[in-house]
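Me: I should like to learn how to read the main features of a structural model. Could we take them one at a time?

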Amino acid sequence: MTTSTRGSVTLVGGGPGDAKLLTVAAVEALRSADVVLYDRLAPHDTLPELAPHAHLINVGKTPGHHPIGQTEIERLLVEHAQAGSRVVRLKGGDPYVFGRGAEEVAACRAAGIPVDVIPGVTSAISVPAAAGIPVTARGVTHLFTVVSGHAPLSDDEHRHLAGLGGTIVVLMGVATLPTLTQGLLKHGLAPTLPVAIIERGFTPTQRTTVATLATALHVASAAAVRSPAVLVIGEVVGLADSGDAAASRLLDTAASLSE
Ligand code: SAH
């Protein structure tokens with residue numbers, strides 16, 4: 001029995017949502033794709049133009065609601081590749097940052113499908129930047145830690161995180177904000193430490209809410225902060241100036257280019 005050798009899977013990091021932040025390699029992979037399975041946070045509005053020959057499949061997940069389960073996504077990747085298609089799996093940000101990219105690569109390898117990965121611009125760094133916040137800055141901090149807030153951290157993890165110092169960037173952290181702020185305060189971080197929550201980075205409705213570790217919970221709930229959002233905890237938050245203005249300039253440029 002022979003299997004098709006033509007089919008393949010490419011995991012593509014789509015960046016934080018603005019198609020202008022796709023890499024050249026990502027654009028090339030999309031252009032030659034036969035099938036694209038894309039996520040909610042990947043840039044998908046312009047997919048019909050970016051992937052003109054491809055069958056587009058939305059496998060987007062929203063928090064707490066998974067229209068297509070992970071096993072099903074992996075099955076679709078393998079099946080389409082086995083049928084001979086060049087499959088692009090377009091993911092938000094970078095495929096290997098909390099993106100289950102490793103699992104999808106393993107599923108393809110287990111099925112004998114050639115698979116490669118094109119890195120993407122992760123929201124962990126780019127969304128703070130869109131709000132004018134550098135995750136490191138000479139003389140302020142030489143260290144940043146990226147944490148998933150998908151599940152609450154353990155007490156030990158809070159202690160280690162507080163002990164490390166530096167900038168803390170949290171993805172998927174809106175729901176677990178209460179445990180995180182409590183844990184970090186308990187283990188000695190200053191109540192006055194600045195916190196920024198950037199929602200919907202690189203979209204026209206991007207919004208930054210600034211508070212301190214002690215007030216973050218109250219301020220976030222008063223502002224009705226929602227996912228997707230990136231949390232930044234640390235002195236670098238104070239370096240933000242016209243962050244959202246910078247992001248809207250980028251969007252304006254994008255709009256004028258597409259006119
Ligand atoms: N692989 C992705 C992260 C996947 S986890 C990456 O490298 O960026 C999904 C989380 O990423 C969201 O819950 C949110 O915390 C963050 N995120 C992704 N895009 C975002 C955006 N445009 N604005 C705000 N947060 C975003």
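The dialogue below treats the ligand site, the salt bridges and a surface patch.

Reply: Please note at the outset that this is a predicted model.

Me: Which residues come nearest to the ligand?

Reply: One begins with the shell of residues around the ligand. Here there are 19 such residues, and Val97, Thr122, Ser123, Gly201 and Ala229 come nearest. By class, the shell holds 11 nonpolar, six polar and two charged residues.

Me: Which backbone atoms lie close to nitrogen or oxygen atoms of the ligand?

Reply: A polar contact is a pair of N or O atoms within 3.5 Å. A ligand nitrogen lies 2.6 Å from a polar backbone atom of Val97, and a ligand nitrogen is also found 3.0 Å from a polar backbone atom of Gly92. For Ala229, the partner of the polar backbone atom is a ligand oxygen, at 2.7 Å. The ligand taken alone exposes 550 Å², of which the protein buries 93%. Two elements, α5 and β10 (229-233), each give two or more residues to the shell.

Me: Which residues of helix α5 are buried?

Reply: Helix α5 spans residues 123-130, and its buried residues are Ala124, Ser126, Val127, Pro128 and Ala130. Just after α5, Gly132 adopts a positive phi of about 80 degrees.

Me: How many salt bridges are found, and what does the one between Arg86 and Asp34 tie together?

Reply: A salt bridge is read from the distance between a side-chain nitrogen of Lys or Arg and a carboxyl oxygen of Asp or Glu, which must be within 4 Å. The whole structure has 11 salt bridges. In the pair Arg86 and Asp34, the closest N and O atoms are 3.8 Å apart. Arg86 belongs to strand β4 and Asp34 to the loop between α1 and β2, so the bridge ties together parts 52 residues apart in sequence.

Me: Is Glu199, which pairs with Arg207, buried or exposed?

Reply: Residues under 20% relative accessible area are called buried. Glu199 is therefore buried, at 0%, whereas Arg207 is partly exposed at 30%. Their side chains meet at 2.7 Å, N to O. Elsewhere, salt bridges with shared partners join Asp39, Arg89, Lys91 and Glu104 into one network.

Me: Which residues make the nonpolar surface patch?

Reply: Residues qualify for a patch with over 30% relative accessible area and no salt bridge. Phe98, Ile125, Phe144, Val146 and Met172 make a nonpolar patch of about 390 Å². Phe144, in strand β6, is partly exposed, with a relative accessible area of 32%.

Definitions and conventions
Residues are numbered from 1 along each chain as its sequence is written. This is a predicted model: local features need pLDDT of at least 70, side-chain atom pairs count only at pLDDT 80 or more; totals for chains, interfaces and linings use all residues. Side-chain values use heavy atoms; hydrogens and water are left out. Patches are made of residues with over 30% relative accessible area and no salt bridge: like charges are joined within 9 Å, nonpolar side chains (Val, Leu, Ile, Met, Phe, Trp, Tyr) within 5 Å. Accessible areas come from the Shrake-Rupley method with a 1.4 Å probe; for residues, only the protein chains shown count as cover. Helices (H or I, at least four residues) and strands (E, at least two) are DSSP runs, numbered from the N terminus. Buried means under 20% relative accessible area, exposed over 50%, partly exposed in between (1.4 Å probe, protein chains only). A residue is near a molecule or strand if one of its heavy atoms lies within 4 Å of it. A polar contact is a pair of N or O atoms within 3.5 Å; within protein, one must be able to donate a hydrogen and the other to accept it, and residues adjacent in sequence count only if both atoms are side-chain atoms. Ala, Val, Leu, Ile, Met, Phe, Trp, Tyr, Cys and Pro count as nonpolar, Asp, Glu, Lys and Arg as charged, and the others, Gly among them, as polar.
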